[in-house]
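Student: I would like to go through this model with some questions on its pocket and a few of its residues. Please show it before we start.

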Amino acid sequence: MTAYDRRDLGLLLLRLGTGGVLAAHGAQKLFGWFGGHGIEGTGHFMESVGYKPGKASAMAAGLAEAGGGTLLALGLATPAAGAAAAGAMTGAATVHVPNGFFAQEGGYEYAASLALATTGLAITGPGRLSLDHAFRHVFDRGWMVPTALGVTAAATAVVVGLRTKRLREAEQEKEGQQEALFEE
């Protein structure tokens, strides 16, 4: 096996593993598979952590994870697939930041690792053992990498920023109600 062949095999394994995990994770949100809660249950959870409207947020996250994961596993439209999955995982990581880094404490370790892996795949490309290669990289052009990552980063910043604003306003409202109780 040449070094070039090893790289392609390594990328295939990374794509299949990361993409498979993300596809399953998204299927939990979309369909309630693998012990998930489906759109309704995930929507309620999304609302509870500040992503509103919850059902639309659950649908967007589920599609980014399931769709992005499936496309990554196949090695198809790799820049867009990796960027979409990275955006969803960044949004998930922000929910877990207050719990610290390690996943065993409810931290952002897992989501951040998936976000970094999918970003790396978007940048590196799928390798020769992929549908992108078979289709002569029609959906994997050089200009697509910064475009997909830039658009996703901007959209993620807006969504996470709005969530942060909602949480801050809810906290201020809660503090204002507590002050009113003690003013008498």
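Student: Which residues does threonine 156 touch, not counting residues up to four places away in sequence?
Tutor: This is a predicted model. Threonine 156 lies in helix 7. With residues up to four places away in sequence left out, the residues in contact with threonine 156 are Gly87, Thr90, Gly91 and Gly161.

Student: Does threonine 156 count as buried or exposed?
Tutor: The cut-off for buried is under 20% relative accessible area. Threonine 156 has a relative accessibility of 14%, so this residue counts as buried.

Student: Which backbone oxygen does the side chain of threonine 156 reach?
Tutor: A polar contact needs a pair of N or O atoms within 3.5 Å. The side chain of threonine 156 has such a partner at 2.7 Å, the backbone oxygen of threonine 152.

Student: What separates the C-alpha atoms of glycine 68 and threonine 156?
Tutor: Glycine 68 is part of helix 3, and threonine 156 is part of helix 7. Along the chain the two are 88 residues apart. Their C-alpha atoms are separated by 15 Å.

Student: Is glycine 68 buried or exposed, and which residues does it touch?
Tutor: Glycine 68 has 4% relative accessibility and therefore counts as buried. Leaving out residues up to four places away in sequence, glycine 68 touches Leu63 and Ala81.

Student: Which element gives the most to the lining of the largest pocket?
Tutor: The largest pocket has a volume of about 910 Å³. Its lining has 36 residues, and the closest to its centre are Lys29, Met46, Ala61, Glu65 and Ala88. Helices 1, 2, 3, 4, 5 and 7 each give two or more residues to this lining. The one that gives the most, with 8 residues, is helix 4.

Student: How many residues in the lining of the largest pocket are nonpolar, polar and charged?
Tutor: The classes are counted over the lining of the largest pocket. The charged class has 4 residues and the polar class 13, while the count for nonpolar is 19.

Student: Why are the buried residues of helix 2 on the same side?
Tutor: The buried residues of helix 2 are Gly38, Ile39, Thr42, Gly43 and Met46. They lie on the same side of helix 2 because the arc they cover around the axis is only 140 degrees.

Student: Which residues are exposed on the other side of helix 2?
Tutor: Exposed requires over 50% relative accessible area. On the other side of helix 2, the exposed residues are His44 and Ser48.

Student: What phi does glycine 50 take?
Tutor: Glycine 50 comes just after helix 2. Its phi is positive, at about 100 degrees.

Key:
Residues numbered from 1 in each chain as written. Predicted model: local features only at pLDDT ≥ 70, side-chain atom pairs only at ≥ 80, totals over all residues. Heavy atoms only, no water. 1 Å grid on protein atoms, 1.4 Å probe; cavity = no way out; pocket = protein on both sides within 12 Å on 5 of 7 lines; lining within 4 Å. Points joined across faces, edges and corners; volume = space filled by probe spheres on them. Helix = DSSP H or I, 4+ residues; strand = E, 2+ residues; numbered from the N terminus. Nonpolar A, V, L, I, M, F, W, Y, C, P; charged D, E, K, R; others polar. Buried < 20%, exposed > 50% of the residue type's maximum accessible area, 1.4 Å probe, protein only. Polar contact = N/O pair within 3.5 Å; in protein donor to acceptor, adjacent residues only side chain to side chain. Contact = heavy atoms within 4.5 Å. Arc of directions from axis to C-beta.
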